[in-house]
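Some labels for parts of a protein rest on cut-offs. Please look at the model below before reading on.

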Amino acid sequence: MVKEGNNLTISSIENGPFESANIVAELNEGAGDTIILCAHYDSVSTTPGACDNAAGVAVLLELARVFSETGADRHVVFLFTTGEEQGMLGATVFARELSEEYKNNTAAVYALDMFADSNQQTPILYTCDGEPDRATALIYAACQNYSLAAPVLGKEFRSDHAAFYGIGLPAALAAQGESDSLYHTPYDIMDNLSSDYMDLVFAWMAGVLLG
Ligand SMILES: [Zn+2]
């Protein structure tokens with residue numbers, strides 16, 4: 001079920017203030033633990049934004065498509081955020097509006113952002129402090145259950161997961177390494193994406209949703 005998202009006003013250097021909105025779709029509202037999966041759909045004007053972050057949106061859409069057909073035991077939130085490039089604005093607004101009860105029911109949050117550059121190493125998992133948390137534990141359990149390549153753990157706060165970490169939720173980011181040569185360039189196009197990396201991140205998240 002697709003719901004209305006959070007409308008917000010964003011300021012950009014090119015366009016000044018403009019209206020934008022998160023897009024939220026949910027499965028099994030009210031059922032047990034909540035898993036929030038998010039990917040930002042905004043980009044910057046200097047790039048087509050294939051890796052940053054159409055690949056994340058594509059994997060999230062595919063997860064929504066598959067699990068809307070098969071169903072899931074958990075409550076799953078598919079959150080397409082806006083304004084990430086201006087400082088995680090959409091994720092921050094979404095996180096800020098969560099009730100205490102909603103937060104208490106949330107098992108983990110995952111941000112999918114910049115993990116599919118074919119010229120880079122296999123995606124890894126990041127937390128804001130570099131320490132394992134419930135979000136990473138669920139991924140490692142899924143890797144064991146479904147014989148998936150387990151990710152290395154790193155430290156990074158520059159994506160939407162930080163907004164959820166900031167309100168005390170276990171939150172991880174699936175992304176690649178530091179030196180992204182495509183980052184915000186005209187070369188961030190589909191030809192440079194790795195479908196294997198997209199499959200892997202899909203499998204990690206599907207494994208978590210399957211429990
Ligand atoms: Zn991004």
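The questions that follow ask how such labels are earned here.

This is a predicted model, in which local features need pLDDT of at least 70 and side-chain atom pairs count only at pLDDT 80 or more, while totals for chains, interfaces and linings use all residues. Residues are numbered from 1 along each chain as its sequence is written, and side-chain values use heavy atoms, with hydrogens and water left out.

Q: What makes an atom a donor of the zinc ion?
A: A donor is an N, O or S atom within 2.8 Å of the metal (3.2 Å for Na, K and Ca); water is not among the atoms, so sites may look incomplete. The protein donors are His40 (NE2), Asp52 (OD), Asp113 (OD) and Asp113 (OD), at 1.9 to 2.7 Å from the zinc ion. Along the chain their spacing is H-x11-D-x60-D.

Q: Which parts of the chain do His40 and Asp52 tie together?
A: His40 is in strand β5 (residues 34–40) and Asp52 is in helix α1 (residues 50–70), so the pair links parts twelve residues apart in sequence. Helices (H or I, at least four residues) and strands (E, at least two) are DSSP runs, numbered from the N terminus.

Q: Why is the site of the zinc ion called irregular?
A: Four donors count as tetrahedral if all angles lie between 85 and 135 degrees; four count as square planar and six as octahedral if opposite donors are over 155 degrees apart and all others between 65 and 115; anything else is irregular. The angles among the four donor atoms here are 51 to 150°, so the site is irregular.

Q: Why are His40 and Asp52 called buried?
A: Buried means under 20% relative accessible area, exposed over 50%, and partly exposed in between (1.4 Å probe, protein chains only). His40 has 1% relative accessibility, so His40 counts as buried. Asp52 has 2%, so Asp52 is buried too.

Q: How do you know that Cys38 is in no disulfide?
A: A disulfide is a pair of cysteine sulfur atoms within 2.5 Å. A search of the whole structure finds zero disulfides. For Cys38, the nearest cysteine sulfur is that of Cys128, 11 Å away, so Cys38 is in no disulfide. Cys51 is in no disulfide either, as the nearest cysteine sulfur, that of Cys38, is 16 Å away. Cys38 is buried at 1% relative accessible area, and Cys51 counts as buried at 1%.

Q: What is the peptide bond from Asp52 to Asn53, cis or trans?
A: The bond from Asp52 to Asn53 is cis, with omega near 15°. Asn53 is placed in helix α1. Most peptide bonds are trans.

Q: What is the sign of phi at Asn28, positive or negative?
A: Asn28 has a positive phi of about 60° although it is not a glycine. Most residues other than glycine have a negative phi. Asn28 is in the loop between β4 (23–27) and β5. With a relative accessible area of 30%, Asn28 is partly exposed.

Q: Where does His184 lie, and what is its phi?
A: His184 lies in the loop between β10 (171–175) and α6 (195–210). Phi of His184 is near 60°, a positive value in a residue other than glycine.

Q: Why is Thr81 called buried?
A: Thr81 has a relative accessible area of 0%, so Thr81 is buried. Thr81 is placed in strand β6 (residues 75–81).
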